[in-house]
Amino acid sequence: MGLGVSRGIAIGPAHIAESGGLDVPNYRIGDDAIEAEHARFSGAVDYARGQLVKLRKQAAKLPGSAAEELGYLLQAHGQMLEGSRLVRGVENRIREQLINAEAAVSQEVAEIAHIFSQMDDPYLAERGRDVRDVGQRLLRSLMQTPYRALADLAEGTVVVADELTPADTALLDPRIVAGFVTAYGGAQDHTGILARSLGLPAVVGTPDLLEHVRQGDIVIVDGIAGEVVVNPDKETLARYEERRDELRRQTRKLERLKNVPATTRDDVTIGLQANIDLPGEVEAVLDNGAQGIGLFRTEYLYLNRPDVPGEEEQYLLLKDIVEGMAGRPVTVRTLDVGNDKLPYSLGEHLQVSPNPAMGLRAIRLSLKVPALLENQLAAILRAGAHGPVRILLPMISTASEVRQVRAALKKVATRLRRRRVPFADPLPPVGAMIEIPGAALAADSLARDCEFFSIGTNDLTMYTLAIDRGDEQVAHLYSPLHPAVLRLIQFTTAAALRARIPVNVCGEMAGDERMTALLLGLGIRDLSMASAAVPRVKQRIRALDLNEAARRAQTIMDQADAGMVAVLLDDFNALA
Ligand code: PEP
Ligand code: MG
């Protein structure tokens with residue numbers, strides 16, 4: 001049992017995604033880089049240790065002897081990261097051989113594992129495997145690289161892994177992979193978001209997973225209930241197959257809504273746009289009847305590659321998207337890296353941070369490294385010559401950040417003019433993600449510098465409630481229905497309406513049809529979501545009366561806790 005993060009049921013043979021096939025980079029470093037390399041290694045050790053602690057806590061909840069057995073193993077792994085021979089050995093190799101941390105880890109692990117394998121005692125011989133497991137964990141945390149083995153899988157495979165980063169997930173081909181299940185992962189992290197974008201049923205946060213699944217086992221992933229069944233009996237298999245087919249039938253039925261407007265019973269039309277993570281999603285956006293792209297997360301262009309994409313590459317890609325959308329607006333968000341999305345190529349800027357969710361990330365990084373921002377702005381401006389674009393800025397906390405981007409935009413436009421390159425004229429609207437509570441509370445003053453707002457409820461919930469959206473241990477506490485989050489949404493919406501600028505919601509809440517009545521009741525008239533969610537939300541909108549929704553929203557805003565809000569919302573949803 002875990003968290004169902006992406007609807008649908010997948011049934012297929014398991015592919016255990018072990019990271020054994022990592023392409024470990026191997027290079028020499030200068031004397032002056034030893035300290036930085038040690039720091040990088042120690043960051044990886046901290047991260048790996050944190051993972052193990054989390055896993056142990058979860059393992060403790062397992063039934064019977066499984067808790068004890070897994071607990072011992074994880075404890076042993078943790079000990080290998082506490083000032084051990086492994087850790088000291090890696091540090092020495094970095095210093096003495098002047099090599100990068102990944103190469104030092106590989107060499108040290110190989111040597112220790114070899115020593116163990118020579119021992120007669122079978123118990124000790126087995127410890128070599130543990131060393132290798134810990135080594136893999138360290139390498140993955142150092143490299144932020146995907147499982148290479150995810151590239152060529154058999155059709156219908158269910159991917160089973162202890163963890164999939166957003167970068168790993170971006171490599172899954174939904175035509176080949178049926179779904180996935182992981183040991184780690186939180187309520188609203190980008191891995192889950194990507195699964196929804198790709199339409200892959202997924203369950204995350206199942207700590208004992210890898211203890212029970214073997215390569216090739218038949219696995220059922222129920223992304224709605226959050227259930228995973230390994231090697232089901234005949235009846236169970238038949239039951240799930242039937243449910244899977246029923247879900248497919250429902251989806252096909254909803255396809256009929258593609259060309260009807262998202263109009264409420266009292267005749268108000270709501271704007272429905274799509275969020276995309278990968279350029280290949282444009283077809284799905286159009287197939288699902290979205291009226292534009294409300295959020296393109298450009299950071300995925302930077303993942304899974306050793307270098308940073310330049311202006312020309314980004315321009316060509318954006319141009320394809322803009323042309324593909326044929327006159328419908330495309331909202332391009334500037335780079336939102338940091339926290340769980342870490343491009344290898346930007347490693348030098350994204351040093352280990354004591355608190356990555358609050359560190360040098362998103363717009364802060366773009367403003368610190370002007371070339372990053374200017375390249376993106378130039379590409380967006382040029383794509384704007386082929387159709388309407390909007391520029392969306394992530395993690396805005398003050399108006400001065402928006403003003404700095406505007407200044408950069410003018411500079412870039414002047415350069416393009418000099419180069420005689422066509423670009424958007426007039427300049428595209430510039431808007432802010434409202435996803436930091438301080439930005440929401442200052443929305444009225446921020447509105448003076450913004451041409452639109454997009455409310456990012458995923459991060460807004462995380463920062464308002466101090467609950468990491470990627471941490472499965474606190475996933476049960478993560479709720480955008482908390483009255484504090486709802487007040488910030490309401491306040492932001494009212495500020496935007498007063499300032500006469502458009503506002504939408506582009507967090508995952510927007511794609512959950514159970515929340516639609518509440519968001520519309522709070523004054524929202526535009527929503528942006530995973531394209532697969534558009535038909536469901538449209539269906540909900542067409543059944544709604546806005547006055548009734550506003551009245552229920554008012555009652556909801558008087559509540560003190562998320563549980564009560566959910567009850568009132570469910571009750572309303574059952575009525576209309
Ligand atoms: C959000 O935070 O709500 C959002 C839409 O952005 P992301 O999920 O990419 O952080
Ligand atoms: Mg965000």
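## Close-up views of a predicted model

**View 1. Glutamate 37 counts as buried, because its relative accessibility is 7%.** Buried stands for under 20% relative accessible area, exposed for over 50%, and partly exposed for what falls in between, with a 1.4 Å probe and protein chains only. Welcome to a predicted model, in which local features need pLDDT of at least 70 and side-chain atom pairs count only at pLDDT 80 or more, while totals for chains, interfaces and linings use all residues. Residues are numbered from 1 along each chain as its sequence is written, chains are lettered from A and ligands numbered from 1 in the order in which they are written, and side-chain values use heavy atoms, with hydrogens and water left out. Glutamate 37 belongs to helix α1, which covers residues 34–59; helices (H or I, at least four residues) and strands (E, at least two) are DSSP runs numbered from the N terminus. Look also for glutamate 102: its C-alpha is 9.7 Å from that of glutamate 37, with the two positions 65 residues apart in sequence numbering.

**View 2. Ligand 1 has 16 residues around it.** Among these residues, Arg297, Arg333, Gly456, Asn458 and Arg469 come nearest; a residue is near when one of its heavy atoms lies within 4 Å. By class, the shell holds seven charged, five polar and four nonpolar residues. Here Asp, Glu, Lys and Arg count as charged, Ala, Val, Leu, Ile, Met, Phe, Trp, Tyr, Cys and Pro as nonpolar, and the others, Gly among them, as polar. Three elements each give the shell at least two residues: α7 (190–198), β9 (293–297) and α17 (457–465). The largest share, three residues, is that of α17.

**View 3. Oxygen atoms of ligand 1 pair with polar atoms of arginine 297, threonine 457 and aspartate 459.** For arginine 297, a polar side-chain atom is 2.6 Å from a ligand oxygen. Aspartate 459 brings a side-chain N or O atom to 2.9 Å from an oxygen of ligand 1. Threonine 457 takes part through its backbone, where a polar atom lies 3.1 Å from a ligand oxygen. On its own, ligand 1 would expose 290 Å², and the protein buries 100% of that area; such areas come from the Shrake-Rupley method with a 1.4 Å probe. The space that ligand 1 takes is the largest cavity, a cavity being a set of points, on a 1 Å grid over the protein atoms alone, where a 1.4 Å probe fits but cannot get out.

**View 4. Aspartate 162 and arginine 140 meet through their side chains in a polar contact of 3.3 Å.** A polar contact is a pair of N or O atoms within 3.5 Å; within protein, one must be able to donate a hydrogen and the other to accept it, and residues adjacent in sequence count only if both atoms are side-chain atoms. Aspartate 162 sits in the loop that joins β3 (157–161) to α6 (166–170). With 16% relative accessibility, aspartate 162 counts as buried.

**View 5. Alanine 362 and isoleucine 363 are neighbours to look for in helix α12.** The helix spans residues 362–368. Alanine 362 is not a glycine, yet its phi is positive, at about 50 degrees. It is buried, because its relative accessible area is 0%. Isoleucine 363 also counts as buried, at 0% relative accessibility.

**View 6. The loop between α14 (399–419) and β12 (430–434) holds proline 426 and arginine 420.** The peptide bond leading from aspartate 425 into proline 426 is cis, with omega near 5 degrees. Arginine 420 has a positive phi, near 60 degrees, in a residue other than glycine. At 77% relative accessibility, arginine 420 counts as exposed.

**View 7. Glutamate 472 and leucine 3 are 469 residues apart in sequence, with 8.2 Å from C-alpha to C-alpha.** Glutamate 472 lies in the loop between α17 and α18 (483–499). Buried or exposed, which describes glutamate 472? It is buried, with a relative accessible area of 9%.

**View 8. Alanine 574 is exposed, since its relative accessible area is 68%.** This alanine is part of helix α22, residues 562–575. The C-alpha atoms of alanine 574 and arginine 514 are 9.8 Å apart, and the two residues are 60 apart in sequence.

Terms used: 1 Å grid on protein atoms, 1.4 Å probe; cavity = no way out; pocket = protein on both sides within 12 Å on 5 of 7 lines; lining within 4 Å. Sits in = over half its atoms within 2 Å of the grid points.
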